[in-house]
Amino acid sequence: KTSDPKYELEFNSTVNSLHQIKNSNLIVAGCESGRLFIIDPITGTFNDHLKMQGNGPCLDITSNKFGHIAAVFKTANQSYASVFESKTGRPISKEFNNGTDISVVKFSHDGTKIICLPSGKDTNNEISTGNENVASVWPVSISLNNIVDPNLPKMMTTLGGLKLNSK
């Protein structure tokens with residue numbers, strides 16, 4: 001026996017990956033078009049104001065406790081991982097690639113790094129590159145290589161009363 005769904009959502013292409021965003025009720029869907037959609041399953045709606053887009057099909061998605069979304073995208077020449085902020089949709093990293101066709105991405109336990117695994121086969125030329133059995137770990141920074149004001153630690157101490165990295 002079949003039942004009618006509570007909601008039906010139409011995507012712009014095939015959905016390749018679904019993931020519940022940690023510490024929220026939201027779900028992120030990664031599509032063949034490279035678009036990432038944030039879905040509210042309670043209301044059955046997309047968060048359309050967020051425009052997260054990769055340069056090829058989305059292969060895998062994960063999230064961390066800070067609300068960051070990491071996704072793997074496949075282009076004609078390679079695959080890469082990028083990290084986005086789930087509340088704004090802004091990219092908070094560059095494109096990470098280790099020279100292999102990565103297909104899986106996970107956050108470290110503390111949420112400050114991503115770990116990428118290759119698919120095990122270099123689909124560009126079928127020849128082993130020497131990296132196909134190597135996991136790569138990259139730190140995730142929200143600064144996007146912006147220069148930090150050297151007075152930031154002093155400002156934080158003044159405002160918060162504690163020194164940076166003190167207990």
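A residue counts as buried when its relative accessible area is under 20%, as exposed when that area is over 50%, and as partly exposed in between. In the predicted model described here, Ser13 has a relative accessibility of 23% and therefore falls into the partly exposed class. Ser13 belongs to the segment that precedes strand E1, which spans 15-20. The side chain of Ser13 makes a polar contact, at 3.3 Å, with the side chain of Asn12. Once neighbours within four places in sequence are set aside, the contacts of Ser13 are with Cys31, Glu32 and Ser33. For one of these partners, Glu32, the separation from Ser13 is 19 residues in sequence, while the C-alpha atoms are 5.7 Å apart in space.

Cys31, a contact partner of Ser13, was considered next together with the question of disulfides. The search of the whole structure returned 0 disulfides. Cys31 takes part in none, and the nearest cysteine sulfur, which belongs to Cys58, lies 7.8 Å away. Likewise, Cys58 is in no disulfide, its nearest cysteine sulfur being that of Cys31 at 7.8 Å. A disulfide requires sulfur atoms within 2.5 Å, and the 7.8 Å between the sulfurs of Cys31 and Cys58 does not meet that limit. Cys31 has a relative accessible area of 0% and is therefore classed as buried. Cys58 also has a relative accessible area of 0%, so Cys58 is buried.

Strand E6 comprises residues 58-63 and pairs with strand E7 in the antiparallel sense over 5 bridges. Within this pairing, Ser63 stands opposite Ile69 of E7. The two strands form a hairpin in which 4 residues lie between E6 and E7, and Gly67 in the turn has a positive phi of about 85°. On its other pairing, E7 meets strand E8 (residues 79-85), again in the antiparallel sense, over 7 bridges. Here Ala70 is placed opposite Val83 in E8. E7 and E8 likewise form a hairpin, with 4 residues between them.

Strand E7 itself, residues 68-74, is mostly covered, as 7 of its 7 residues are buried. His68, Ala70, Val72 and Lys74 point one way from the strand, whereas Ile69, Ala71 and Phe73 point the other way, and all of these residues are buried.

Aromatic residues were then examined. A pair of aromatic rings is described by the distance of the centres and the angle of the planes. The search of the whole structure gave 6 aromatic pairs. One of them joins Phe37 and Phe46 in a tilted arrangement, with 5.1 Å from centre to centre and 45° between the planes. Both Phe37 and Phe46 are buried. Another tilted pair is formed by Phe73 and Tyr80, at 5.5 Å centre to centre and with 35° between the planes. Phe73, with a relative accessible area of 0%, is buried. Tyr80 has a relative accessible area of 2% and so is also buried. Phe11 joins Phe37 and Phe46 in one aromatic cluster.

A further element is an open sheet of 3 strands in the order E9-E10-E11, with antiparallel pairing. Strand E9 (102-107) and strand E11 (136-139) are at the edges; each has a single partner strand, so one side of each is left without a neighbour in the sheet. From one strand to the next, the twist averages 25°. E9 and strand E10 (residues 113-118) run antiparallel and are joined by 5 bridges. Ile102 is found opposite Pro118 in E10.

The loop between E9 and E10 contains Ser108. With a relative accessible area of 17%, Ser108 is classed as buried, because the buried class covers values under 20%. A polar atom of the Ser108 side chain lies 3.5 Å from the backbone nitrogen of Thr112. Apart from neighbours within four places in sequence, Ser108 is in contact with Lys113 and Ile115. The two serines described here thus fall into separate classes of accessibility, Ser108 being buried at 17% and Ser13 partly exposed at 23%.

Conventions
Residues are numbered from 1 along each chain as its sequence is written. This is a predicted model: local features need pLDDT of at least 70, side-chain atom pairs count only at pLDDT 80 or more; totals for chains, interfaces and linings use all residues. Side-chain values use heavy atoms; hydrogens and water are left out. Rings of Phe, Tyr and Trp (its six-membered ring) pair if their centres lie within 6.5 Å; planes under 30 degrees apart count as stacked, over 60 as edge-to-face and the rest as tilted. Buried means under 20% relative accessible area, exposed over 50%, partly exposed in between (1.4 Å probe, protein chains only). Two strands pair if DSSP finds at least two bridges between them. Axes are lines fitted to C-alpha atoms, for helices over the stretch in contact, and angles run from 0 to 180 degrees between N-to-C directions. A polar contact is a pair of N or O atoms within 3.5 Å; within protein, one must be able to donate a hydrogen and the other to accept it, and residues adjacent in sequence count only if both atoms are side-chain atoms. Contact means heavy atoms within 4.5 Å.
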